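Could you walk me through this protein in my viewer? I'd like to know what to select next, and what I'll find there.

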Amino acid sequence: MIKAIIFDLDGVIVDTAQYHYLAWKRLAKEYGLDLTLDQNELLKGVSRMRSLEIILDLGGISLSKEEMERIANKKNGWFVEYLNEMTPEEIFPGVRDMLRSIRANGLRVALASSSKNANKVVRLLNIENEFDAIVDGTMIVNSKPDPEIFLLAAKKLSVDPASCVVFEDAEAGVEAALAAGMKCVGVGSAEQLGKANLVIAKTADFTLQTLNSEF
Ligand code: BG6
Ligand code: MG
């Protein structure tokens, strides 16, 4: 029986995934690389440093640890600039009501984001009080596809992993959820998220009836 729902943030609750892409694309351009949307799929859900390693690998570029730290900070500066332009209305349609109705039906709700900016995004959207637990990139050692973040979220909720459903827009996130022994709803295209138990186009397409019939 499902007792908790764990939400990824970027790309599931709000379209901050586009801001990550814009910032990485801008950085890659400085190194002569045109980062495509397909390549960007590899960056979703993984940590900032791991994303940079993937981009450098794609371009066959090798940089010192110090230079990598410097340019990862630069990318984050741009990302935060985009965030500062964001308004609470950018939360995906229906998601705020969805979070409330899940809790009103007796289920626990957590947020599990690899991002170190997750708290800032949550504050900007004014959704701090919609979760029973929040786990972010500052609290974990291994980012998705490692299951650590979801296992920590389940622990904070005091719910068994097998009783959790995760919402994810990233392939790495789907893998992490399954590796945690949880069920997973992919938000996006079945082509990218085919390993999930169910794929929906938009987060709010999911209803409690779907939960009861699918899981
Ligand atoms: C994830 C995003 O939520 O957070 C990734 O899907 C991002 O694209 C990762 O790289 C880390 O984010 P941040 O804000 O710590 O650089
Ligand atoms: Mg995401």
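How many nonpolar, polar and charged residues does the lining of the second largest pocket have? Keep in mind that you're looking at a predicted model. The lining has 10 nonpolar, seven polar and six charged residues.

**Stop 1: the second largest pocket.** Select Gly11, Asp15, Lys44, Asp169 and Val187, which are the closest to the pocket's centre out of 23 lining residues. The volume here is about 390 Å³. Now add helix H2 (37-41) and helix H9 (190-193), which along with H1 are the elements giving two or more residues to this lining. Try colouring by domain, too: this pocket lies between domain 1 (4-13 + 89-214) and domain 2 (17-83), because both give residues to its lining.

**Stop 2: the largest pocket.** Next, pick Val46, Ser47, Arg48, Ser114 and Ser115. Of the 31 residues lining the largest pocket, these sit closest to its centre, and the pocket's volume is about 510 Å³. H4 supplies the largest share of the lining, five residues. By class, you'll find nine nonpolar, 13 polar and nine charged residues. Each of the two domains adds at least three residues to this lining.

**Stop 3: the cavity.** Select Leu27, Ala28, Tyr31, Leu33, Leu52, Ile55, Leu56 and Ile71, the lining of the largest cavity. Helix H1 (16-30) and helix H3 (48-59) each give two or more residues to it, and H3 gives the most, with three. The cavity's volume is about 30 Å³. What classes do its lining residues fall into? Eight are nonpolar, with no polar and no charged ones.

**Stop 4: the largest nonpolar core.** Now show Phe7, Ile13 and Phe167, which touch the most other members of this 54-residue core. Helix H4 (residues 65-84) gives the most to the core, with seven residues. Zoom in on Ile13: beyond its neighbours within four places in sequence, its contacts include Phe7, Ile91, Leu111 and Phe131. There's also a second, separate core of 23 residues, with Ile6, Ala153, Leu157 and Met182 among them.

**Stop 5: Ala110.** Finish in strand S2 (residues 108-112), where you'll find Ala110. Is Ala110 buried or exposed? Ala110 is buried, because its relative accessible area is 0%, under the 20% cut-off. Not counting residues up to four places away in sequence, Ala110 touches Ile5, Ile6, Phe7, Phe131, Ala133, Ala153 and Leu157. Then draw a distance from Ala110 to Val166: they're 56 residues apart in sequence and 9.3 Å apart in space, C-alpha to C-alpha.

How values were computed
Residues numbered from 1 in each chain as written. Chains lettered and ligands numbered in written order. Predicted model: local features only at pLDDT ≥ 70, side-chain atom pairs only at ≥ 80, totals over all residues. Heavy atoms only, no water. 1 Å grid on protein atoms, 1.4 Å probe; cavity = no way out; pocket = protein on both sides within 12 Å on 5 of 7 lines; lining within 4 Å. Points joined across faces, edges and corners; volume = space filled by probe spheres on them. Helix = DSSP H or I, 4+ residues; strand = E, 2+ residues; numbered from the N terminus. Nonpolar A, V, L, I, M, F, W, Y, C, P; charged D, E, K, R; others polar. Core = buried A, V, L, I, M, F, W, Y, C linked by side-chain atoms within 4.5 Å. Buried < 20%, exposed > 50% of the residue type's maximum accessible area, 1.4 Å probe, protein only. Contact = heavy atoms within 4.5 Å. Domains from an automatic or database assignment.
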